[in-house]
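Student: I'd like a close look at a single part of this complex. Could you walk me through it in one go, with the cut-offs spelled out?

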Amino acid sequence: MNGAVLVSTFFAAAIEVIEMVAIVVSVGVARSWRASLVGAAGGLLVLTVLVAVLGTALRDVPLRPVRLVVGALLLVFGLQWFRKGVFRVARDGWSVGQGDEDVDPADVGPDRFDWTGFVLSFKGVSLEGLEVAVIVVAFGTAAHAVGSAVIGAAGAVLVLGLVGATTYRLVARIPRRALQLFVGAMLTTFGTFWSGQGLSVRWPGDELSLAWLAAGYVAVGLLLIPQARRWRDQAGARLGGEHLAGGAVR
Amino acid sequence: MIVLRGLRAFVVFWVDFIIGDDWTVAATVVAALAGTWGLHHVHAAAWWLLPLAVVIITTISVRRTVRRDARQR
């Protein structure tokens, strides 16, 4: 057992696993647990097959194109949620829609499997899982201690998975409108970061830029809410004036 | 017939996933990605373009949606 490899793999993998768990929990709470968990299981299955087939050749898998495609898809979808969240909070207030799986009928039809939630979780788990697998192979083969690297990464998945499983009820208490805004900001953050990485962008602070990107997007969302109310009032006043002017002409 | 229906549902799903109800958002993301690639290609700092594009298109799209909603009410 190589303790140094085990600890360094644990922490390196933990960064990726945090992102994985955050996506699965957010999609589960905001859309559908069934779709999110099936998506996560699908992602793990694909990952297992990849690891079994490629083995140590995983090191040669080009991660940049994968990050670019997954990041761009998360970015466009996250933006849809982000702007809908801003618009709906501005229109309906913060407290509308509280509950575990209170999914908007406009987003998912009744009694239908939520394929969007499935795809989001699947992509998050398969991309982050692939990065964890690459870390294991890189750390493990460099020090000739693949077993220790596997235990370190498995420990990160176990510990952070448990954290996600025990804290999801706190996330579920957030009203759906607010959740849509924050999850949208989070998916947009991951999408921005990964697609940038896919294009070889050097983010200031590397992985830490996830924090300032998320903080910046949430701040923009919060600033846009009162502004959207002002736009709505201005539009209403203008339309009211047009109606009055039309009535006077008639 | 079933295959065609499945294919159509598949295409509709991805169009909805990527484009949604405002195609200008997806178009802006594609343009910003291309711009980022271009900046990186000429060895200029490129990290700022994607976040800036996100903020601008979110603001424009929310404004457009609010005005459309006010007209429909």
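How many helices and how many strands does the secondary structure of chain B come to? Please take chain B as the part to look at, and follow it to wherever it touches chain A.

Tutor: Sure, let's start with the ground rules. This is a predicted model, where local features need pLDDT of at least 70 and side-chain atom pairs count only at pLDDT 80 or more, while totals for chains, interfaces and linings use all residues. Residues are numbered from 1 along each chain as its sequence is written, with chains lettered from A and ligands numbered from 1 in the order in which they are written.

Now your count: chain B has 3 helices and 0 strands, and from the N terminus on its elements run α-α-α. Helices (H or I, at least four residues) and strands (E, at least two) are DSSP runs here, numbered from the N terminus.

How far can you trust chain B? Its average pLDDT is 90, and 100% of the residues score at least 70; pLDDT is the predictor's confidence in each residue, from 0 to 100. Among the elements of chain B, helix 2 has the highest mean, 95, and helix 1 the lowest, 80. For the complex, the predictor gives an ipTM of 0.91 and a pTM of 0.75.

On to overall shape. The C-alpha trace of chain B spans about 50 × 40 × 10 Å along its principal axes. Its radius of gyration is 17 Å, whereas a compact globule of 73 residues would be near 11 Å. That radius is taken over C-alpha atoms, and the globule rule is 2.2 Å times the number of residues to the power 0.38. Buried residues make up 27% of the 73 residues in chain B. Buried means that 20 or more other C-beta atoms lie within 10 Å of a residue's own, exposed means 12 or fewer, and partly exposed is in between, with C-beta atoms placed from the backbone. For chain A, buried residues make up 45% of its 250 residues.

Next, the place where the chains meet. On chain B, 27 residues are in contact with 35 residues of chain A; a contact needs C-beta atoms, placed from the backbone, within 7 Å. Helix 1 (2-18), helix 2 (23-41) and helix 3 (49-72) of chain B each supply at least two residues of that side. The largest share, 14 residues, comes from helix 3 of chain B. By class, the side of chain B that touches chain A has 17 nonpolar, 7 polar and 3 charged residues. In that tally Ala, Val, Leu, Ile, Met, Phe, Trp, Tyr, Cys and Pro count as nonpolar, Asp, Glu, Lys and Arg as charged, and the others, Gly among them, as polar.

Helix 3 of chain B deserves its own pass. Its 24 residues should span 34 Å at 1.5 Å a residue, and its end C-alpha atoms are 34 Å apart, which agrees. The expected span is 1.5 Å times one less than the number of residues. Buried residues in this helix include Leu49(B), Leu50(B), Val54(B), Ile57(B), Val62(B) and Val66(B). Thr58(B), Ser61(B) and Thr65(B) are buried there too.

Follow Val62(B) across to chain A and you meet Val86(A). Not counting residues up to four places away in sequence, Val86(A) touches Val62(B) along with Leu181(A), Gly221(A), Leu224(A), Ile225(A) and Ala228(A). Val86(A) and Val76(A) have the most contacts inside the largest nonpolar core, which has 82 residues. Such a core is a set of buried Ala, Val, Leu, Ile, Met, Phe, Trp, Tyr and Cys residues joined through C-beta atoms within 7 Å. Helix 1 (residues 3-30) of chain A gives the most to this core, with 15 residues.

As for the partner itself, chain A has 7 helices and 0 strands. Among its contacts between residues at least 6 apart in sequence, 90% join residues at least 24 apart.

One last backbone detail back on chain B: His43(B) sits in the loop between helix 2 and helix 3. His43(B) has a positive phi of about 60° although it is not a glycine. With 7 other C-beta atoms within 10 Å, His43(B) is exposed. Chain A offers a parallel in Ser200(A), which is not a glycine but has a positive phi of about 65°. Ser200(A) lies in the loop between helix 6 and helix 7 of chain A, and is partly exposed, with 14 other C-beta atoms within 10 Å.

Terms used:
Contact = placed C-beta atoms within 7 Å.
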